[in-house]
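Visitor: I am new to this structure and should be grateful for a guided introduction. May we proceed by question and answer?

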Amino acid sequence: MSVARRLERMKLEEKIAKLARVHEHLLPGVIDMDMINKHVYDQGPKGEAGRVAQDEGIELDDVTILRLEYLRILKIDHLWVLPNLTKLQLNNNSIESIDNLHTLIHLKELDLSFNHIQVIENLDELTKLEILHLYQNHISSLENLENQKNLSLLSLGMNRIEHCESTILYLRRFRKLKSLNLDGNPMCAKENFVNYVYAFLPDLVFFEYKMISKEHKESAKEIFRKELSSLQVEEEKHLAEKLSAEQEVAEIELHSVAFVERLNSSQLFQAMFENDLDGQTLVKISEETKEFYETFGEEFTALCRELFQMGQEQHVLRKKEHDDFTNCVNEAKLRSQQESQKILENFIEQQKNIKDQVNQMLNFLSSAEDDGESENRSEIIAESSMIISNCVAEFDELIQNTWRILMHNELSLTEQMEEVNSMLERDMSDMVNVMLEQALGYFVAMRSLQESFNEQLTEASHRYQTVIALDSDDAASISSQLREIMIDKESLSNALANSHEKHLLVIDTREDILMTRIKAWHEEVCENLQKREVARSRERVLEINRFLDLQRDEFEDLLASRPDDLILLMETQAREKERVSTSLGSEEREEEHEGEEEKQGHRDSDAYEEKVNASLETEIPLNGEMKALAQQSQTSHPSLGTILGE
């Protein structure tokens, strides 16, 4: 390739790269962290507050409003990093679907206008949403907004919604909706569309950003009076059914806590015959069997209601026992908390006194350094050293004593909790056993009733079989189902046995459900008591240790904050020790020149030297923590290594 062509190609590549940089912002993209951070800072505080925000950073958890407009965004993503957003503007982009907004549970206003959205979806978690803008998209139907019960403003203008009736009736569920915009949709061309909106959305205040007058509302209602009347009747019926269903569910949940749900009705009796076609057929063969059936149903349902009542009473007793236990536990925890508070207050007061004394002594050391070769300098250093050492020892003892007292308090509470937990487990076990025994008695009585009913039905059925065998007219009038049962004695016996077994199975199943659930509940209660107490005790012990470790660290930081004073203390101690050692060495040399007759005096001098050295070593003790702090300061004070070595 020639040099000219190579240069031409390089210029072309440079031109393309330049154009790409210029039009980079025009390419469709995805919301990413760089985009979020850039716009968070751009839209953040201005002036001095903005400068501080730039220096210290902006916590994304604190961001409540964000605008990402005119950015040709194609896909919504990464907004989970802004969990506390209340207002989000994504208008004038290229968004095709509503995704990844489920974490924005605090969102109150969402603007998705001027995009390419076709379906309203994935907004189920946004239950606090009050304002929703979807102007100028490609939406063809209003749907998936059942959870937005707080919606007060909805903008759906310039979309593709065609069905007027279904759309407006769908909007009737939003009782807080005050402002609506549907302008530019195909359904707006329908005759009397505006009046239809006014009539069927009575709570609406603004339509297409214009206030609706009372006169317009009344005239619209008059136009659609018949349709409104019919709709209101239907809605009232639907509302009554909904309330009834909700009430039934609430009652079942309430009764399920007592493990006797649905036993206050004939539901269990009906369940025995629900899948028993043979039994349903046989009870209708005569007036006698119908009477048996009615009596059986009344007695069986009465037993169910008695069992239900017993279960409710036992539930009240268990609840009272648990409430008493909770009150007892809370009182014990409160007493323990108050005692611990007093202990900590006493600790903090003593700690303050010790810190004040240490600071005072460190200030004395500083003043001694400023005095130079003052006569009192050695005495001040010696006295300060002794007091600081005593303070360190006193603080260490304070930490240990406080830890022992707090742990003793926690141990006492743990023992009390174990005792009351054991009492509750024992009492609950007794009450559960009482209920199981009584429930067992009721189910035995139900089986006994079933046995009696089966015997009566068997006798009546065999008599009926004999009658139709003798009377051909009766045999011809019976149903095909009954004819199959009555074809011979074996078929009848099998049908009666199958019916009886099905009834017993229903009773046994309900008994197993009750027994299994109450036993599982009892085991769960006992297990949770132990788990909660273990977790509480561990957390309390960790809390005590964390607090005391923090106090110890603060005290060590106090000593470490004055390393120069501590080094001064050790340097002065070392010089004093060297001076005394030099003086004693001179006395030794003078003693050696006195001769053999002074040997005894020489030995006395040696003993005296040892005593002096011992007294110097104990006069200004070097605390272990001071040594550690001094070692930490060796880098900034090179002479410290020599002093410590000596």
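Guide: Two residues are in contact when heavy atoms of theirs lie within 4.5 Å. The model before us is predicted.

Visitor: Among contacts in the protein chain between residues at least 6 apart in sequence, what share joins residues at least 24 apart?
Guide: The count leaves aside pairs that are not at least 6 apart in sequence. Of the contacts that remain, the share joining residues at least 24 apart is 62%.

Visitor: How many helices and strands does the protein chain have, and what share of its residues is buried?
Guide: The secondary structure comprises 18 helices and 10 strands. A residue is buried when its relative accessible area is under 20%. Of the 646 residues in the chain, the buried share is 36%.

Visitor: How do the axes of helix α5 and helix α6 lie to each other?
Guide: Helix α5 covers residues 193–200 and helix α6 covers residues 214–223, and their axes come within 8 Å. The axes cross at roughly 95 degrees. Angles of 65 to 115 degrees fall in one class, and α5 and α6 are therefore roughly perpendicular.

Visitor: Which residues make the contact between α5 and α6, and how do they divide by character?
Guide: From α5 come N195, Y198 and A199, while α6 supplies H216, K217, A220, K221 and I223. By character, the residues of this contact are four nonpolar, two polar and two charged.

Visitor: How many aromatic pairs are there, and of what kind is the pair of Y170 and F174?
Guide: Rings pair if their centres lie within 6.5 Å, and the count comes to 18 aromatic pairs. The ring centres of Y170 and F174 are 6.0 Å apart with planes at 65 degrees, so this pair is edge-to-face.

Visitor: Are Y170 and F174 buried or exposed, and which residue lies over the face of Y170?
Guide: Y170 and F174 are both buried. At 4.1 Å from the ring centre of Y170, the residue over its face is R173.

Visitor: What parts does the pair of F269 and Y293 tie together?
Guide: This pair is tilted, with 5.4 Å from centre to centre and 45 degrees between the planes. F269 belongs to helix α8 (residues 267–274) and Y293 to helix α10 (residues 287–370), so the pair joins parts 24 residues apart in sequence. The parts tied together are thus α8 and α10.

Visitor: Which of the terms buried and partly exposed applies to F269, and which to Y293?
Guide: F269 has a relative accessibility of 6%, and Y293 has a relative accessible area of 28%. The cut-off for buried is under 20%. F269 therefore counts as buried, whereas Y293 is partly exposed.

Methods: Residues numbered from 1 in each chain as written. Predicted model: local features only at pLDDT ≥ 70, side-chain atom pairs only at ≥ 80, totals over all residues. Heavy atoms only, no water. Phe/Tyr/Trp six-rings, centres within 6.5 Å; stacked < 30°, edge-to-face > 60°. Buried < 20%, exposed > 50% of the residue type's maximum accessible area, 1.4 Å probe, protein only. Helix = DSSP H or I, 4+ residues; strand = E, 2+ residues; numbered from the N terminus. Lys NZ or Arg CZ within 6 Å of the ring centre and 35° of its normal. Axes fitted to C-alpha atoms, helices over the stretch in contact; angles between N-to-C directions. Parallel < 35°, antiparallel > 145°, perpendicular 65-115°, else oblique. Nonpolar A, V, L, I, M, F, W, Y, C, P; charged D, E, K, R; others polar.
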